[in-house]
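This report looks at how one chain is built and how it meets its partner. The sequence and the structure come before the details.

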Amino acid sequence: MAHAFRRRPDGSLACRLDGEEKAIITQVAQETADLIRADLGIDADPDVLRHAADSDDPLRRLEAEFAGRDAREPADSAVKRLFPAASDDPNAAAEFRRLGQQDLADGKLADLQRVMKILDAAGAGHSEVVLDDEEALAMLRALNDVRIVLADRLDLQRDGDFDTVRMLQQIGERVEEAGEKEDDQVGSDIVIAVYELLSWLQESLLRALD
Amino acid sequence: MPVELRRAEPATGSLSDPSGSVQVRVETDGPWRTVVWNDPVNLMSYVVFVFRRHFGYSRLIAEQLMMQVHDEGRAVVSHGSRERVETDVQAMQSFGLRATLEKAGED
């Protein structure tokens, strides 16, 4: 069972998570990072591009240059939400992507990576997770990005949609008490539970920072 | 933003910023502005945190802007040169807020 974040006397921020909670958060963080990379066509290993840029082969160098310059328009609905158009004007939006999308993606991927590292370092069982202020910032942003992806999968579009989803889930549970659950329903129950855990954790960290 | 988690007790934070500095950088005018849009995911407390952290706004200003986003669907959170507004939009997006830039006077 998770315990909320609190500020410790030494200034660090700590919460307690059990092994399963850490594993789940790590998994959804990894999935979010994989989704961003796949949708935007970002190589998992940035060194590959860097090597290509330093290559003796002029064609490879040219490829690397284009790969670096190309800010692919997101196709996945959740990635669209993480990398939204910055303007109504399509030209201005494309220009903004060209200049900033790679940095934005790098930042999001670094935050997700950092959170996975922190959770990994905290060990497999029930344990304390300790953050300094910079790590807390990475945690807030990463939790938020993962919640955005989960919300997209739950089709949350308007204020109050999550309450509706939860209400439908409870009604579904009552109706299905006797019978077996559909696989789809089990899947979305898990997404709802993870979304609630991440929301709670993010809110608790914000309060501890306040 | 709309998602306000159940609170055990009423909001504890006071509305006034203890630092007292009304750093209303809701900036000197410029021809561009940063707009933040409502969405059903971001926690109210997170949006206030982001506005305070990035713009240095007092708690009061940050809460007013957050409520404006929540109630009206959008709020102008900074003005300035195009370059500056681009930086602000990029920062808001890095926090996962839905932000756009627009030229002042266009609606």
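## Chain B and its contact with chain A

In this predicted model, residues 24 or more positions apart make up 78% of the contacts in chain B that have a separation of 6 or more. Chain B has 107 residues, and 43% of them count as buried. It contains three helices and three strands, which follow the pattern β-α-α-β-α-β along the sequence.

Two helices of chain B pack against each other: α1(B), residues 44–55, and α2(B), residues 59–72. Their axes lie 9 Å apart, at an angle of about 130°. Angles over 115 and up to 145 degrees count as oblique, so α1(B) and α2(B) are oblique to each other. The crossing of α1(B) past α2(B) is right-handed. On the α1(B) side, the contact is made by M44(B), V47(B), V48(B), F51(B) and R52(B). The α2(B) side contributes R59(B), A62(B), E63(B), L65(B), M66(B), V69(B) and H70(B). By class, the residues of this contact are eight nonpolar, one polar and three charged.

Chain B also touches chain A: 22 residues of chain B are in contact with 28 residues of chain A. Four helices of chain A each supply at least two residues to the side that touches chain B. They are listed below.

| Helix of chain A | Residues |
|---|---|
| α5 | 90–121 |
| α6 | 133–153 |
| α7 | 161–175 |
| α8 | 183–209 |

Which helix gives the most to this side of chain A? It is α6(A), with seven residues. The side of chain A that touches chain B has twelve nonpolar, eight polar and eight charged residues.

Note on methods:
Residues are numbered from 1 along each chain as its sequence is written. Chains are lettered from A and ligands numbered from 1 in the order in which they are written. This is a predicted model: local features need pLDDT of at least 70, side-chain atom pairs count only at pLDDT 80 or more; totals for chains, interfaces and linings use all residues. Axes are lines fitted to C-alpha atoms, for helices over the stretch in contact, and angles run from 0 to 180 degrees between N-to-C directions. Angles under 35 degrees count as roughly parallel, over 145 as roughly antiparallel, 65 to 115 as roughly perpendicular and the rest as oblique. A crossing is left-handed if the near helix is turned anticlockwise from the far one by less than a right angle, and right-handed if clockwise. Two residues are in contact if their C-beta atoms, placed from the backbone, lie within 7 Å. Ala, Val, Leu, Ile, Met, Phe, Trp, Tyr, Cys and Pro count as nonpolar, Asp, Glu, Lys and Arg as charged, and the others, Gly among them, as polar. A residue is buried if 20 or more other C-beta atoms lie within 10 Å of its own, exposed if 12 or fewer, and partly exposed in between; C-beta atoms are placed from the backbone.
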